[in-house]
Amino acid sequence: MKITVVGAGAVGASCAEYIAIKNFASEVVILDIKEGYAEGKAMDLMQCASLNGFDTKITGSTNDYSKTANSDICVITSGIPRKPGMTREELIGINAGIVKTVSSSLVEHSPNTIIIVVSNPMDTMTYLVHKTTGLPKHRIIGMGGALDSARFKYRLAEALEAPISDVDGMVIGGHSDTGMVPLISHATRNSIKVSEFLSEERLNQVAEDTKVGGATLTKLLGTSAWYAPGAAVSGLVQAIACDQKKIYPCSTLLEGEYGLSDLCIGVPVILGRNGIEKIVDVSLSDAEKEHMKASAEGVKKTNGLLEL
């Protein structure tokens, strides 16, 4: 099992680290355009191997896509990160050109690969990969919902004053500050609906805190977060590589599901060796349906900025 991560910045390096440390891949390739950067990150991570007990081989490459040949899964993290006050949508002009070039180069050397898109604006970049690579829809996955759901569960556990292992919840919709749809109606604490423990006002606050989770961290850190995004990617990669059939909310091309078409947006999917093996239809409250519709309109508006 060979995994490629494009982009050796904080998010890409975290992806590579968490994938390697789980010890399910034979090789992880890190690629970056900055001379020597990916090689340095790979060397540093390989020096963790004996300390953290993994045997995954990690190699780095400066913009040589031949090193990525025959990758089973490719992760695209490249592009400029968000700065304080910047929306994900404002990144589109620069990151679209990067993602288009990267995805084409990856498919050239690994025509059977599954691509996971992390670069922002993520739903639109996932749509761009669909439009420019010609890969079947089940092999193109946007990583947003897994991260947003982790942030949702963090905020729920905080509000409940409960261990996070007791909490389950999911965020669907667009991976943006206004587009996320935290599914309060389905969130539980050890199978009991969270509405049994928390007031409507407190649950609304949890939802709002979840939506600005990325912006909150960007303001504190001065750049995008990286630990949780890296962990989210590694979860998706492992579910695919190990054929786990796990459900994650991921950005996928919809063709009528949830009443939406011709866009990529976050919905629950089953992940296995073929990538997205099934889109799961979840019942939504009337409010959640309206939020999902508004989220889709926002994603389509951003898609309209692409030069396809």
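Here are some questions and answers about a predicted model and how its two domains meet.

Residues are numbered from 1 along each chain as its sequence is written, and side-chain values use heavy atoms, with hydrogens and water left out. As the model is predicted, local features need pLDDT of at least 70 and side-chain atom pairs count only at pLDDT 80 or more, while totals for chains, interfaces and linings use all residues.

Q: What radius of gyration does the chain have?
A: The radius is taken over C-alpha atoms, and the globule rule is 2.2 Å times the number of residues to the power 0.38. For 308 residues a compact globule would come out near 19 Å, and the chain agrees with that at 18 Å.

Q: Where does domain 2 lie in the chain?
A: The domain bounds come from an automatic or database domain assignment. Domain 1 takes 2-143. That leaves domain 2 with 144-304.

Q: How many residues does domain 2 bring to the contact with domain 1?
A: The centres of the two domains, taken over C-alpha atoms, are 22 Å apart. Contact here means heavy atoms within 4.5 Å. Domain 1 gives 38 residues, and domain 2 gives 52.

Q: Which three residues supply 19% of the area that domain 1 buries against domain 2?
A: Buried area is the accessible area (1.4 Å probe) that two parts lose on being put together, summed over both. Between the domains that is about 3500 Å², with carbon and sulfur atoms giving 63%. On the domain 1 side, the trio that supplies more than any other three residues is Asp123, Lys137 and Met143.

Q: Which residue does Lys137 meet in a salt bridge?
A: A salt bridge is a side-chain nitrogen of Lys or Arg within 4 Å of a carboxyl oxygen of Asp or Glu. The rule finds 10 of them by count, and 4 across the interface of domain 1 and domain 2. For Lys137, N and O sit 3.1 Å apart, and the partner is Glu255.

Q: How many residues apart in sequence are the parts that Asp72 and Arg273 tie together?
A: These two form a salt bridge, with the closest N and O atoms 3.0 Å apart. Asp72 is in the loop between β3 (57-62) and β4, and Arg273 is in the loop between β13 (261-272) and β14 (275-279), so the parts they tie together are separated by 201 residues. Strands (E, at least two) and helices (H or I, at least four residues) are DSSP runs, numbered from the N terminus. The sequence gap, again, is 201 residues.

Q: Is the peptide bond from Asn120 to Pro121 cis or trans?
A: Most peptide bonds are trans. Pro121 lies in the loop between β5 and α5. Omega for the bond from Asn120 is near -5°, which is cis.
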